[in-house]
Amino acid sequence: MRPNTIIKLLATASLAFIMTLGAAGADERPKRIVSTNVCADQLVMLLADPADIASVSSLAADPEVSNLAAEAARHPVNHARAEEIIRLSPDLVVGDVQTGRHANSLARSIGVPVHLVGWPSSIADVERIIVELGKVVGRQERASRIIADMRRRMGPRPDATVTALVYEPNGLTTGKGTLSDDVLAQAGLLNIAGTMTSGAYAAVPLERVVANPPRLLVMDESYAESSSRAQALLRHPAFAALEGKTSIYRMKSRLLLCPGPWVADAVVALRLLAFCFPTAMHLHGTVLLAASSRRYRRLPRALRRLAAP
């Protein structure tokens, strides 16, 4: 983009922002929110009124990574470019520390507030992030209701009785100090990543997983049709050797990719597996359990609905 064009856009954007400030006396809630990252997108759509959202990022409508893909289709799309942000005349930009750094910097330079969504390392972090954005968009009560519903669905943390491992593309595992580790613990599962690596995030060779398998292997089901080497590892024929020793549960990574109430969905599904182990059958994110089985009759009512054949 030519310098003269940028200057004109900046002048227009600055004038629009000043006019927005003048009209904000009666209601200080932001009215033109632009989000530039898939995690920010989902939280904005969750907390803000649809009429107050000016644009979401291009990934917001991708159902492989977004839990609110259908909702995202109703909003204009941006690609976190500075010139796009200027044209949208936002009164709040919501992003993260990695995506759209130049756009964030430019927004700040013309006086537009920028809120960065952090990366959670625990369920408590997820709650904190929701509360913080709820305050920024003027929807604290809505944020409180979301958190209360999450806590109700997850319930108290049970004792860990079944070993588990989250295994992602490229053989990435998640250990202590990660959201995945906390979700496993909340579901009553014992994460064995710490026995295979000392880091919070590390790649573990397939051979090592097969040689020392957990009782439950949670694998990424996102982009299942992808031909990439990273995804192909999760479909390696070597996993056939685990039959009879390990149950494999394939779950969409979007449940753990971004902070939000969908984290509770992951906890509930995994707790069901831990509770029913080893009589549950697992297929591409679906949990099946015979309604006549003793374990089914022992399930809490909320879990029965998930386990119903």
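On a 1 Å grid over the protein atoms alone, a pocket is an open set of points with protein on both sides within 12 Å along at least five of seven lines, and its lining residues have an atom within 4 Å of a point. With that in hand, here's a quick tour. This is a predicted model, so local features need pLDDT of at least 70 and side-chain atom pairs count only at pLDDT 80 or more, while totals for chains, interfaces and linings use all residues. Residues are numbered from 1 along each chain as its sequence is written, and side-chain values use heavy atoms, with hydrogens and water left out.

**Overall picture**

- The protein has 14 helices and 13 strands; these are DSSP runs numbered from the N terminus, with helices being H or I of at least four residues and strands being E of at least two.
- Of the 309 residues, 50% are buried (buried is under 20% relative accessible area, exposed is over 50%, partly exposed is in between, with a 1.4 Å probe and protein chains only).
- Take the contacts (heavy atoms within 4.5 Å) between residues at least 6 apart in sequence: 61% of them join residues at least 24 apart.
- Accessible surface adds up to about 15200 Å², and carbon and sulfur atoms own 56% of that (Shrake-Rupley method with a 1.4 Å probe; for residues, only the protein chains shown count as cover).

**The second largest pocket**

- It holds about 300 Å³ of space, where a volume is the space filled by probe spheres set on grid points that are joined across faces, edges and corners.
- There are 19 lining residues, and E168, S180, S253, L256 and L257 lie nearest the centre of the pocket.
- At least two lining residues come from each of β6 (162-168), β7 (172-174), α8 (179-186), β10 (216-220) and α11 (254-257).
- By type, the lining splits into 12 nonpolar, 4 polar and 3 charged residues (Ala, Val, Leu, Ile, Met, Phe, Trp, Tyr, Cys and Pro count as nonpolar, Asp, Glu, Lys and Arg as charged, and the others, Gly among them, as polar).

**Around strand β6**

- V162 sits in β6 and is buried at 4% relative accessibility.
- The C-alpha atoms of V162 and L216 are 7.4 Å apart, although 54 residues separate the two along the chain.
- Searching the whole structure turns up 1 aromatic pair (rings of Phe, Tyr and Trp, its six-membered ring, pair if their centres lie within 6.5 Å; planes under 30 degrees apart count as stacked, over 60 as edge-to-face and the rest as tilted).
- That pair is Y167 with F239, and it is edge-to-face because the ring centres are 6.3 Å apart with planes at 75°.
- Y167 belongs to strand β6 and F239 to the loop between α10 (229-232) and β11 (247-251), so the pair ties together parts 72 residues apart in sequence.
- Both partners are buried: Y167 has a relative accessible area of 0%, and F239 comes in at 6%.

**Strand β11**

- S247 is in β11 and counts as buried at 16% relative accessibility.
- Between the C-alpha atoms of S247 and R215 there's 6.2 Å, with their positions 32 residues apart along the chain.

**Positive phi**

- Most residues other than glycine have a negative phi.
- S89 has a positive phi near 50°; this residue lies in the loop between α4 (82-88) and β4 (92-95) and is partly exposed at 21% relative accessibility.
- N170 also has a positive phi, near 70°, in the loop between β6 and β7, and is exposed with a relative accessible area of 57%.

Terms used:
1 Å grid on protein atoms, 1.4 Å probe; cavity = no way out; pocket = protein on both sides within 12 Å on 5 of 7 lines; lining within 4 Å.
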